[in-house]
Amino acid sequence: MIDLIWSILELVVVVLGITYIHELGHYAAGRWMVGIPPADIKLVMTEVPQHVALRDDDEWVGPDEYERYSELYGEHDPDYEHLEAYIGAGELVQTIGVVVIAALLIGVGLDGVASSIVLISLFMTGFYIAYDVSFSAYIRNPAGDYSALWVASPLAAIAVLLGFLVPHVLIYLSI
């Protein structure tokens, strides 16, 4: 029973860690590429789904409010020249984080743990894409990173997906 509890706790820690790294990618792109001031952007890890919120006066707006969030984003990037990078940064930073962590774990002989983390990341993103596509079709607005990226640039959406999948699959197969 104790082993089961530890396994569940380990899974929760890995999922939250990967999610944090993902959201940190959006946050970093928003801060340093788009130029959003720190007072106008924040990580929200206490809500589901976790996200990066933008300030609208004294309110915080999440990407679930698609039109309003887009308008707030546009105040910082009026030409939307960094939009694809902002949206795609979550998956790309997640990929870098997972690959680096897996490589370090492999380096110290923890191949099984590395393999598990890579698989968890793959399953998380697979589930997320399924949710994104389904819910976007239902509400007829983007509901997640991939649908928002597809609206901005289908080519960028495909590039980000490949940029996520190829390293994950290669490192998993190499273990």
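**Close-up views of a predicted model**

**View 1. Tyrosine 80, a loop residue with positive phi.** Tyrosine 80 lies in the loop between helix 2 and helix 3; helices (H or I, at least four residues) and strands (E, at least two) are DSSP runs, numbered from the N terminus. Its phi is near 55°, a positive value in a residue other than glycine. Tyrosine 80 is partly exposed, with a relative accessible area of 33%. Buried means under 20% relative accessible area, exposed over 50%, and partly exposed in between (1.4 Å probe, protein chains only). The model is predicted: local features need pLDDT of at least 70, side-chain atom pairs count only at pLDDT 80 or more, and totals for chains, interfaces and linings use all residues. Residues are numbered from 1 along each chain as its sequence is written, and side-chain values use heavy atoms, with hydrogens and water left out.

**View 2. The open three-stranded sheet.** Strand order is 1-2-3, with antiparallel pairing. Two strands pair if DSSP finds at least two bridges between them. Strand 1 (41-44) and strand 3 (59-61) are the edges; each has a single partner strand, so one side of each lacks a neighbour in the sheet. Strand 1 pairs with strand 2 (residues 51-56) over four bridges. Isoleucine 41 has leucine 54 of strand 2 as its bridge partner.

**View 3. Loops flanking strand 2.** Proline 49 sits in the loop between strand 1 and strand 2. The peptide bond from valine 48 to proline 49 is cis, with omega near -5°. Aspartate 57 belongs to the loop between strand 2 and strand 3. This residue is not a glycine, yet its phi is positive, about 55°. Aspartate 57 is exposed, at 68% relative accessible area.

**View 4. The largest nonpolar core.** This core has 33 residues. Such a core is a set of buried Ala, Val, Leu, Ile, Met, Phe, Trp, Tyr and Cys residues joined through side-chain atoms within 4.5 Å. Ile41, Leu54 and Tyr86 have the most contacts inside the core. Helix 3 gives the most to this core, with seven residues. Beyond its neighbours within four places in sequence, leucine 54 has contacts (heavy atoms within 4.5 Å) that include Ile36, Trp60, Leu72 and Tyr86.

**View 5. Helix 1 against helix 4.** The crossing is right-handed. Contact residues are Leu11, Val14, Val15, Ile18 and Thr19 of helix 1, and Ile117, Ile120, Ser121 and Met124 of helix 4.

Key:
A crossing is left-handed if the near helix is turned anticlockwise from the far one by less than a right angle, and right-handed if clockwise.
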